[in-house]
Amino acid sequence: MSLENNSSMQVITQEFTLNYQYSVLFTRNCFDLQDNTLINLIDNLTESPKLLAILDEGVDQANPDLAVRIEQYCEHHNIESLPSMIVPAGEDCKNDETVIDDIYHAVEKFQIDRHSYILVIGGGAVVDAVGFAAATAHRGIRLIRMPSTVLGQNDAGVGVKNAVNYHKRKNFVGTFAPPFAVVNDFDLLNTLSARDKRAGIAEAVKVALIKDPTFFAELYQSRFALAEFEEKASQHMIIQCAQLHLDHIATSGDPFELGSARPLDFGHWSAHKLEELTANEIRHGEAVAIGIALDTIYSSLKGHLSVDKKDQVINLLVDVGFVLNHAVLEKLNIVKALAEFKEHLGGNLCITLLSDIGSGFEVNEIDEKIMSQALQQLMTIGSC
Ligand SMILES: NC(=O)c1ccc[n+]([C@@H]2O[C@H](COP(=O)([O-])OP(=O)(O)OC[C@H]3O[C@@H](n4cnc5c(N)ncnc54)[C@H](O)[C@@H]3O)[C@@H](O)[C@H]2O)c1
Ligand SMILES: [Zn+2]
C-alpha cells in the first residue's frame, strides 16, 4: 500500500480507561493468627491461593521467627504457603541481576500464576526490586507490599513505581505497576536502625515543602520528638506523608509520569548523584535531605524564598539529625548531575523549587553559578 497520498492512510485511534484502586493499610502485628488484615485482602480464599513471601535479608536477620510466623499464618487461614525467599538487603538487591532471575525461577517452580500473591517484606530497595520481578513475571502477579522502613511506609512502598539499577545507573530498569495492596505494619519498624528511621523523615519534609504548609509546621513543631522517633509523632509523619504521595499520584493527572514535571522528585536531582558517588554508602533518605537543603538554599539565593524560611527548613533537617555538609558534596558535578537527571526525566529539564513553604514550582533552567554558591553555602552548614 502506498502512503504517497495521505488520503489513503487509515488511522484507528485506540482508547480505553482503567480504574486502579488499592488499599494502603496502617496496622500492627499483622501475622498474629487472629489478625484479619491480610486475609481480608485476599479475594480468592475458596481456591486456596498461593502466597510466596519474599523477605529482605536485613528484616529476616532482625526477626528470625518472621518466616515461620508467615507460614503458620498462611496455614491457619487456608492459604497455600511456600518456603519464604530471602533476598539481599538494601541497594545490593537492586544491583544484583541474579535476584530477579531467582524470583522468576521461584515463580516458575511453584507455579505462581497471575491469581497468586507475592508478599514482599523489606526496605524500599527490596520492595522496588521484588516489585519489578512481580510486575514482569507473567506480565504481572498480584503484589502485596509490606514495607519495613520508614521510607518504605511513607513513600517508596505506597506508590506505583518499581525499579532496579543497571550498569551503576540508579533505577534504570523498571515499570509503573500499582500494587494489589500495601500493608504498613508499624511493629516492623521496631528493629530498624536509628539511621534508617531518620532517613524516611526526609521524604516527609520533601512532600510537606512542596504541598502542605500545615504538615511542614507540624513536622517543625515535633522535630525533637521525631529525632527521638517518638511513636505518636512518627506515626503521624508516616501516615500524612503516605497520604500526600497517594493524593499526588491520584490527582496530579500524570500518575505514570509521562510528562517532564516530577514535583515528588524535589531535591532528588542531586540526591541520585550523591547516592551514586558514595556507591550507596549514603542512604536514599540521607541524600534526599541534602538535596532538599541544596534546592532550598538555591530557591532563596534566586529570591523565590525568604532567608527566614530557608533557615527554618535547614533547622528542621539539622534538628531531626541529618548531616547536610557531607564530604561527598566536594565531588558533586552540578552540570553532569543535571544532565543525567534530564535524561532520567525523559524530556525537558524540570526542577522543582520553592516559592514558599508548602509551595513548589517548576523551572526548566538552573543557573549553575548560583547553584555552585548554594553548594558552597551548604558545605558550611554544621550538623547537630
Ligand atoms: N519506587 C518508588 O517510588 C521509590 C520511592 C522512593 C525511594 N525508592 C527506593 O527506595 C530505596 C531506599 O529505601 P529505604 O530507605 O527503605 O532503604 P533500604 O531498602 O536500602 O533499607 C535500608 C536497610 O534497612 C534494612 N531493613 C529494612 N527493614 C528493616 C527492619 N524492619 N529491621 C531491620 N532492618 C531493616 C535493610 O535490610 C537495609 O539494610 C532506594 O533504592 C530508592 O531508590 C523507591
Ligand atoms: Zn525519594
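Modeller: Buried means under 20% relative accessible area, exposed means over 50%, and partly exposed is in between (1.4 Å probe, protein chains only). This is a predicted model, where local features need pLDDT of at least 70, side-chain atom pairs count only at pLDDT 80 or more, totals for chains, interfaces and linings use all residues, and side-chain values use heavy atoms, with hydrogens and water left out. Residues are numbered from 1 along each chain as its sequence is written, while chains are lettered from A and ligands numbered from 1 in the order in which they are written.

Colleague: Which residues are the protein donors of the zinc ion (ligand 2)?

Modeller: Donors are N, O and S atoms within 2.8 Å of the metal (3.2 Å for Na, K and Ca); water is not among the atoms, so sites may look incomplete. Here the protein donors lie 2.0 to 2.2 Å from the ion. They are spaced E-x64-H-x15-H in sequence. They are E203 (OE), H268 (NE2) and H284 (NE2).

Colleague: How many residues apart in sequence are the parts that E203 and H268 tie together?

Modeller: Helices (H or I, at least four residues) and strands (E, at least two) are DSSP runs, numbered from the N terminus. E203 is buried at 1% relative accessible area, and H268 is buried at 4%. The zinc ion (ligand 2) has both as donors. E203 lies in helix α9 and H268 in helix α13, so the parts tied together are apart in sequence by 65 residues.

Colleague: How many salt bridges does the count come to?

Modeller: A salt bridge is a side-chain nitrogen of Lys or Arg within 4 Å of a carboxyl oxygen of Asp or Glu. One of them joins E91 and K170, at 3.0 Å, N to O. By this rule the count is 21.

Colleague: Is D187 buried or partly exposed?

Modeller: D187 forms a salt bridge with R28, with the closest N and O atoms 3.0 Å apart. The two sit in loops, D187 between β9 and α8, R28 between β1 and α1, so the pair ties together parts 159 residues apart in sequence. R28 has a relative accessible area of 33%. For D187 the value is 26%, so D187 is partly exposed.

Colleague: Which residue meets D196 in a salt bridge?

Modeller: The N to O distance is 2.5 Å. D196 is buried at 17% relative accessibility. Its partner is partly exposed at 31%. That partner is R283.

Colleague: How many disulfides does the count come to?

Modeller: A disulfide is a pair of cysteine sulfur atoms within 2.5 Å. C93 is buried at 1%, and C241 is buried at 0%. The disulfide count is 0.
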